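Here are a few notes to help you find your way around this one. Keep the viewer open and go through the points in order.

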Amino acid sequence: MSDVASPPLTIVEIQHRVGAELDRIGSVIDELGTRFADAGEELALVGGPVRDAMLGRLQNDLDFTTSAHPDVTEQLVSGWADAVWDMGRAFGTIGCRKGPWQVEITTYRSESYDPSSRKPDVDFGDSLEGDLGRRDFSVNSMAVRVPGREFVDPFGGVVDLAERVLRTPGTPEDSFSDDPLRMMRAARFAAQLGFDVAPEVVAAMTEMAGRIDIISAERVRDELVKLVCAPHPRRGLTLLVETGLAEHVLPELPALALERDEHHRHKDVYEHTLTVLEQSIDLEHRLGGGPDFVSRFAALMHDVGKPRTRRFETGGVVTFHHHDVVGAKLTRKRMQALRFSNHDIDAVARLVELHLRFHGYGSGEWTDSAVRRYVRDAGDQLERLHILTRADCTTRNQRKADRLRRTYDSLEERIARLSEEEELAAVRPDLDGNQIMGLLGIGPGREVGEAYRFLLDLRLDEGPKTPEQAEAALREWWAAR
């Protein structure tokens with residue numbers, strides 16, 4: 001996967017793109033702008049949609065800012081929109097849907113953080129220029145007044161967009177003091193857009209990295225997810241590490257830079273990890289959808305157990321025994337701290353714990369029983385485990401890489417064959433709990449669980465049994481207890 005940014009744009013290219021995009025959404029912005037103008041209110045398309053229109057990638061989400069207060073905005077869109085909602089009223093925002101367009105309209109505002117607060121104080125502003133001045137980056141501080149389509153760019157955002165650089169409208173220190181999450185957003189936009197971050201912005205991020213601690217875990221998590229799922233995640237992650245922000249939000253990542261891997265094939269485990277992430281992205285098509293956070297985050301976290309498990313053996317050999325198990329525990333703890341869902345935590349931790357399992361396969365020595373257990377332990381994460389295991393091969397020895405790839409090909413072929421023969425994804429014992437209790441004459445309890453596990457192990461070791469065979473094996477096991 002290439003992490004090289006696209007070349008700079010020309011102003012003419014930008015003007016052509018934005019004109020075409022505005023024409024495409026003209027029916028929406030002109031109708032809405034006219035309704036506000038007739039009521040004596042100002043309205044402007046603002047922020048991300050203006051930036052994305054200039055990049056030729058405008059989506060169906062449209063953000064507007066207005067002089068109207070929320071109650072007035074709600075009145076003006078009622079009867080025009082197909083649906084209206086007001087969950088963001090406390091922040092001055094009214095949302096609505098018009099055909100395929102999702103629209104958010106926010107009153108001019110200014111907001112800032114108290115040094116010890118996690119939540120912004122929101123005050124309504126009185127001008128478009130004032131509203132633009134409180135936004136995060138100059139490329140997001142541009143607007144188009146509607147219905148007249150007057151372009152407003154008081155902070156040189158179009159030039160920064162053309163040069164593909166992120167700067168703040170005012171000083172970065174003031175911007176990050178107002179909302180420290182903007183430091184994370186700088187890394188996220190670098191990853192999403194492939195832009196560089198201006199030196200003075202990087203310097204402020206480095207100086208103020210500790211300010212991120214006042215931001216709620218949920219907001220940090222959401223920015224991290226967007227960064228990891230961006231087209232250029234290495235850019236954003238590298239920026240987090242180099243500025244010291246990662247020490248506060250994902251300390252396991254910079255810790256990897258202190259370690260060399262056991263094969264000495266990479267400068268450090270940190271660089272190896274970023275390569276694995278990129279290689280896993282290249283294999284994401286196997287999942288059939290777009291960016292997959294679970295797969296990507298598992299690649300990012302798969303070796304975080306190495307710093308805790310590093311040992312120096314005789315002859316200068318470095319080992320990281322059991323770093324898979326330790327890494328799974330560290331991953332679970334970090335994701336819990338960031339308030340991820342239990343589903344995502346379980347999925348990523350399982351992948352981290354299983355990422356070394358394949359290396360016991362050798363050149364195909366596993367029995368069918370071992371293959372069945374591999375599938376059972378992976379569960380619904382099997383396809384992601386295939387991706388992570390393949391991506392984890394970053395050796396520069398082409399012969400070794402080819403051999404590992406062929407070996408994993410053979411494992412997948414065996415899984416496919418056994419799955420077709422035995423429906424591996426739904427492996428269950430040949431007798432269920434009720435049948436076990438009936439045959440053994442026992443009630444619910446620990447012994448039923450033991451019998452169930454015995455039959456499951458038998459199923460994995462020897463394949464499917466007939467009910468008669470399973471019953472005979474169960475009785476023999478029970479008698480020998």
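1. Start with helix α19, which covers residues 368-378. The buried residues in this helix are Ser369, Val371, Arg372, Tyr374, Val375 and Ala378. Note that Arg372, a charged residue, is on that list of buried positions. Right after α19 comes Gly379, and its phi is positive, near 55°.

2. A word on what you're looking at: this is a predicted model, so please read every value here as computed from that model. The protein has 481 residues, and 49% of them count as buried. DSSP runs give 24 helices and 13 strands. Along the principal axes, the C-alpha atoms fill a box of roughly 90 × 60 × 45 Å.

3. How do the contacts spread along the chain? Take those between residues at least 6 apart in sequence: 67% of them join residues at least 24 apart.

4. Now have a look at the open sheet, which is built from seven strands with mixed pairing. Reading across, the order is β3-β4-β5-β2-β1-β8-β9. At the edges sit β3 (83-85) and β9 (150-152), each pairing on one side only. On average, neighbouring strands in this sheet are turned by 25° against each other, direction ignored.

5. Helix α4 (residues 70-77) packs on that sheet. The strands it touches are β2 (61-66), β3, β4 (93-98) and β5 (101-107). Compare directions and you'll find about 10° between α4 and β4.

6. For one strand pair in detail, try β1 (residues 43-46) and β8 (residues 143-145). These two run antiparallel and are joined by three bridges. Which residue of β8 stands opposite Val46? That would be Ala143.

7. Next, the largest pocket, with a volume of about 1,600 Å³. It is lined by 43 residues, and the closest to its centre are Asp63, Glu104, Arg109, Arg185 and Lys226. By class, the lining has 20 charged, 13 nonpolar and 10 polar residues.

8. Where does that lining come from? Elements supplying at least two residues each are α3 (48-54), β2, β4, β5, β6 (109-112), α8 (181-193) and α10 (217-228). The top contributor is α8, with six residues. It's worth going back to the sheet here, since β2, β4 and β5 are among its strands, and these three strands also supply lining residues for the largest pocket.

Technical notes
Residues are numbered from 1 along each chain as its sequence is written. This is a predicted model: local features need pLDDT of at least 70, side-chain atom pairs count only at pLDDT 80 or more; totals for chains, interfaces and linings use all residues. Side-chain values use heavy atoms; hydrogens and water are left out. Two strands pair if DSSP finds at least two bridges between them. Helices (H or I, at least four residues) and strands (E, at least two) are DSSP runs, numbered from the N terminus. Axes are lines fitted to C-alpha atoms, for helices over the stretch in contact, and angles run from 0 to 180 degrees between N-to-C directions. Contact means heavy atoms within 4.5 Å. On a 1 Å grid over the protein atoms alone, a cavity is a set of points where a 1.4 Å probe fits but cannot get out, and a pocket is an open set with protein on both sides within 12 Å along at least five of seven lines; lining residues have an atom within 4 Å of a point. Grid points are joined across faces, edges and corners, and a volume is the space filled by probe spheres set on the points. Buried means under 20% relative accessible area, exposed over 50%, partly exposed in between (1.4 Å probe, protein chains only).
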